[in-house]
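User: Please take a close look at one part of this model, beginning with a single side chain at the surface, and then relate it to the packing elsewhere in the chain.

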Amino acid sequence: MKEKKKFQAPSTPVLMLILIIILSILTYIVPAGSFDRIEDPETGIVNIDVDSFHFIDKNPEGPFQVFIDLYNGMVEAADLIFLIFIGCWVAIILTETGAFTGFINATRRLLKSKTVLLVPGFITIYALDGFQGEMEGLYPLIGVFIGMCIAVGYDAIVGIVVSAVAAVIGFNVGGISFYNTGIAQTVSGLPLFSGLGFRLIVLAVTVVIWIAYTLVYCRKIKKDPSKSVVYDLDFSDIAADMSDEGAPFTWQNKISLILFVAAILFFVYACQKMGWYFSEISAVYIILAIVLSIINKVSMDQAIQYLVDSFTGMASGCLVIGMARGLNIVLTSSGMSDTIVYYLYLGVRHLPSWLTASGFYFLHLLLGFIMPSASGMASTTMPIIAPVADLAGVTRQTACLAYSLGHGYAQLLWPTNSIAIICGLSKIPLGRWYKFFMPLFVILSIAICLLLTFATITQWGIGLQ
């Protein structure tokens, strides 16, 4: 008697390809629509005319066009893809020269049995980093954090939660990020980055929930490793090796890490104050890789080999990035995006006032499937949502918060968003992520709805309208 094979969820690239094919078929069925768009000459932000929605001729995606969109997605995502390759190059140098291993083991010796403190510590640090708008910068370091967490008895899921996912947690609230809160408040006629106090409260509540949930999971898998949702998977090809507990923490290691941390902090400043983006950050990473090679006496041939290794290790995840961008091209070029926005808007405009803010949250959560760009969603939806909020008795400040939280958690929910990239880079099947995340997502959504209801009842931000 043949043993029945268990269902195995497809890998993230395969899932993305399936989604692109399904959406290309839907372009023949879903009516195409469009809003009129007007660019503000002062800010450069493209706003839409709320009452201008109209149907247009369908522009279905033929089988050949789908593959063109896939290629164009790869090209459009090249800036992020090469940032990840080059950033991973630096991470490999730091790993191979023992800097990360020495630091982690020095920390383990210092904390002894209290390595569990690494979880709340890193989640808090990187959530604050995401709060000011930085999200993608940790992608090249995912393997390092996975290696660290495996070394202290946890798993790859914890590795992404304390690093890239933690940055998304902070980005979701978007306190001082122009990419989501800044654009949403500008479009809604609010002072830039106003309402920071309550946003910090929301950040604190969500971070505490994440930490508590992750610590419970850590305790469970520490007691019984088979309870890990990725117990049967091998991460040896991407996880930085942290197994050498006796690894020394040399002066070269210390200088290398100081330079690395200094570069990360400088990126935060430069992106906020100097308008830096991927190209400038990549240039600094290249310079840093050369300097680190000199300090650690790594030959240039070996340094270039580490760069090749970074391309090899990150290839699957970077493929997902390009495919996700291609999927977005299918939605926008076919005219489906505006149609979906319009009909979802019709579903929330007549909710009771106390439910309206929560409705805005779920609206943007759903729209996150087709609009992974924070700035693109803010420019598209907030000109519609702001006047609806006025009519419903919800402050525009609360509406902006609902948008940033809805779009933010879409990043961790839909395979068209950041979580597909994070799971692709960490080689965690999306199905395993959902097994960990979905109970937490329900808890977080309840907490978010309660916070938004409180903001509505207290008329948070009314003085700014």
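Analyst: Ile21 is partly exposed, with a relative accessible area of 42% (buried means under 20%, exposed over 50%, partly exposed in between; 1.4 Å probe, protein chains only). The model is predicted, so local features require pLDDT of at least 70 and side-chain atom pairs pLDDT 80 or more, whereas totals for chains, interfaces and linings use all residues. Residues are numbered from 1 along each chain as its sequence is written, and side-chain values use heavy atoms, without hydrogens or water.

Ile21 belongs to helix α1, residues 12-26 (helices are DSSP runs of H or I with at least four residues, strands E runs with at least two, numbered from the N terminus). Together with Leu17, Ile25, Tyr28 and Ile29, Ile21 makes a nonpolar surface patch of about 470 Å². Such a patch joins nonpolar side chains within 5 Å, each residue having over 30% relative accessible area and no salt bridge (Lys or Arg side-chain nitrogen within 4 Å of an Asp or Glu carboxyl oxygen). Over the protein, the accessible surface comes to about 20200 Å², and carbon and sulfur atoms hold 67% of that area (Shrake-Rupley, 1.4 Å probe).

The wider setting is a protein of 19 helices and 4 strands. Of its 465 residues, 55% are buried. Among contacts with a separation of 6 or more, 80% involve residues 24 or more positions apart (heavy atoms within 4.5 Å).

Helix α6, residues 142-151, offers a contrast with the partly exposed Ile21. In α6, 8 of the 10 residues are buried, so the rest of the structure largely encloses this helix. The buried set consists of Ile142, Gly143, Val144, Phe145, Ile146, Gly147, Met148 and Cys149. After α6 comes Gly153, which has a positive phi near 100°.

Two further buried positions show links along the chain. Asp338 is placed in helix α14, residues 336-348, and counts as buried at 7% relative accessibility. Its C-alpha atom is separated by 5.4 Å from that of Ser34, although the two residues are 304 residues apart along the chain. Beyond its neighbours within four places in sequence, Asp338 touches Gly33, Ser34, Phe35, Arg37 and Phe53. Thr398, in helix α17 (residues 396-410), is buried with a relative accessible area of 0%. With the same sequence neighbours set aside, Thr398 is in contact with Ala357, Leu452, Ala455, Thr456 and Trp460.

Aromatic packing completes the picture. A search of the whole structure finds 17 aromatic pairs (ring centres within 6.5 Å, Trp by its six-membered ring; planes under 30 degrees stacked, over 60 edge-to-face, the rest tilted). One of them joins Tyr217 and Phe436, edge-to-face at 5.0 Å centre to centre with 75° between the planes. Tyr217 lies in helix α10 (residues 196-223) and Phe436 in helix α19 (residues 430-457), so this pair ties together parts 219 residues apart in sequence. Both Tyr217 and Phe436 are buried. They also belong to one aromatic cluster, whose other members are Trp210, Tyr213, Trp433, Phe437 and Phe441.

Tyr361 and Phe362 form another pair; their centres are 4.9 Å apart and their planes at 65°, so the geometry is edge-to-face. Here Tyr361 is buried at a relative accessible area of 0%, while Phe362 is partly exposed at 37%.

Terms used:
Patch = residues over 30% accessible without salt bridge, like charges linked within 9 Å, V, L, I, M, F, W, Y side chains within 5 Å.
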